Amino acid sequence: MPVPTSGTATVTTPTDEQILITREFDAPKHLVWKAWTTPELVKRWWSGRRGEMTHVEIDLRVGGTWRYVMLAHGESEIAFHGTYREVVPEERIVTTEVFEGMPGPSEDAVINIVTFVEEDGRTRLELLVQAMSKEIRDAIIDSGMEGGMQEQMDALEELAISLAG
Amino acid sequence: MARAATTADTFNAVAEPRRRQILDVLAGGERPVNDLVDELGLAQPQVSKHLRVLREVGAVDVREEGRQRLYSINDRALKPIHDWVKNYEQLWTERFDELDAVLDDLKKEEGDAGADERDSDGDDPDR
């Protein structure tokens with residue numbers, strides 16, 4: 001059944017250390033929150049059309065951890081994990097995010113801040129990817145520019161995912 | 001790491017929706033600033049500001065012709081980064097499209113539960 005879409009994701013860079021992704025959903029925020037934080041539901045959307053989710057664990061509380069594993073089409077597993085720093089039900093989640101395939105400087109080099117705002121039954125979602133420094137964001141972006149074409153596209157995809165969450 | 005800085009600056013330049021619109025227009029060929037003002041529906045000072053950012057990172061070239069300044073895109077400098085942004089945006093668009101489908105199901109479940117006053121304890125999130 002065709003599902004009405006609310007448009008494309010908008011990606012901007014508000015500062016040198018940030019990437020901001022926004023999107024509106026035709027649903028109240030308690031449902032968007034549920035889809036964002038329930039493992040069985042995250043499995044259905046987080047890989048987009050690029051593979052299958054093989055593992056999703058979410059311990060949604062401050063200090064709790066999460067781990068997502070995706071099996072990309074014809075590729076190896078791509079895994080991410082993080083620790084929740086702030087959880088305000090149906091309002092806001094702050095978490096670290098680590099891409100397990102890339103040697104990173106530290107566990108908190110990248111922080112994701114997700115906010116849910118409801119208006120007239122619709123929900124505006126903002127995902128702010130905050131890197132610890134411009135150098136870290138540069139390193140993430142720059143490493144995507146190396147290697148052969150196919151490798152590059154694979155890396156870009158992985159990096160894109162590593163920035164998300 | 002001079003290269004990293006340059007890449008990131010270009011990334012910044014491209015990952016801004018208005019500037020991407022300018023690049024899309026310039027992809028069709030060299031244009032004077034007035035054309036860009038018309039096509040984008042922005043005030044000239046704004047367009048000029050965006051063009052300045054794009055020129056600073058080498059994404060756009062400019063040349064004088066009589067009284068006009070003609071802007072053109074520097075494809076080679078931009079392609080990899082433009083691809084990266086497009087890919088990233090595409091990934092999130094895919095995810096959100098799938099999320100729309102999940103939300104649609106949740107709305108239906110909620111509607112059903114409300115209609116028959118039943119508790120949906122045996123909640124089955126699989127389709």
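Here a visitor asks a guide how the labels put on this structure are justified.

Visitor: What should I know before we start?

Guide: This is a predicted model, where local features need pLDDT of at least 70 and side-chain atom pairs count only at pLDDT 80 or more, while totals for chains, interfaces and linings use all residues. Residues are numbered from 1 along each chain as its sequence is written, and chains are lettered from A and ligands numbered from 1 in the order in which they are written.

Visitor: How many helices and strands does each chain have, and what makes a stretch count as one?

Guide: Chain A has four helices and nine strands, and chain B has five helices and three strands. The labels come from DSSP runs: H or I over at least four residues for a helix, E over at least two for a strand, numbered from the N terminus. Chain B then reads α-α-β-α-α-β-β-α.

Visitor: What makes E90(A) "partly exposed" and D120(A) "exposed"?

Guide: You count other C-beta atoms (placed from the backbone) within 10 Å of the residue's own: 20 or more is buried, 12 or fewer is exposed, and in between is partly exposed. E90(A) has 16, so it lands in between and is partly exposed. D120(A) has 6, so it falls under the exposed cut-off. On that scale, 36% of the 165 residues of chain A count as buried, against 28% of the 127 residues of chain B.

Visitor: What makes the phi of those two worth pointing out?

Guide: Most residues other than glycine have a negative phi. E90(A) has a positive one near 65°, and D120(A) has one of about 50°. E90(A) is in the loop between β5 and β6 of chain A, and D120(A) is in the loop between β8 and β9 of that chain.

Visitor: How do you know that helix α4 of chain B has the span a helix should have?

Guide: Take 1.5 Å times one less than its number of residues. The helix has 13 residues (44-56), so the expected span is 18 Å; its end C-alpha atoms are 18 Å apart, and that agrees.

Visitor: Which residues of α4(B) are buried, and how do you know that they share a side?

Guide: They are V47(B), H50(B), L51(B) and L54(B). Their arc, taken from the directions from the helix axis to the C-beta atoms, is only 100°, so they sit on the same side of α4(B). An α-helix has 3.6 residues a turn, so residues three or four places apart point the same way. On the other side of α4(B), P45(B), R52(B) and E56(B) are exposed. After the helix comes G58(B), with a positive phi near 80°.

Visitor: What are the buried residues of helix α2 of chain B?

Guide: R19(B), I22(B), L23(B) and L26(B). Those also cover an arc of only 100°, which puts them on the same side of α2(B).

Visitor: Why is a set of residues called a "nonpolar core", and how many residues has the largest?

Guide: The name goes to buried Ala, Val, Leu, Ile, Met, Phe, Trp, Tyr and Cys residues joined through C-beta atoms within 7 Å. The largest has 60 residues, and among those with the most contacts inside it are V11(A), V32(A) and V14(B). Helix α5 of chain B gives the most to this core, with 12 residues.

Visitor: What is V14(B) in contact with?

Guide: A contact needs C-beta atoms, placed from the backbone, within 7 Å. Leaving aside neighbours within four places in sequence, the partners of V14(B) include R19(B), A59(B), L78(B) and V85(B).

Terms used:
Contact = placed C-beta atoms within 7 Å.
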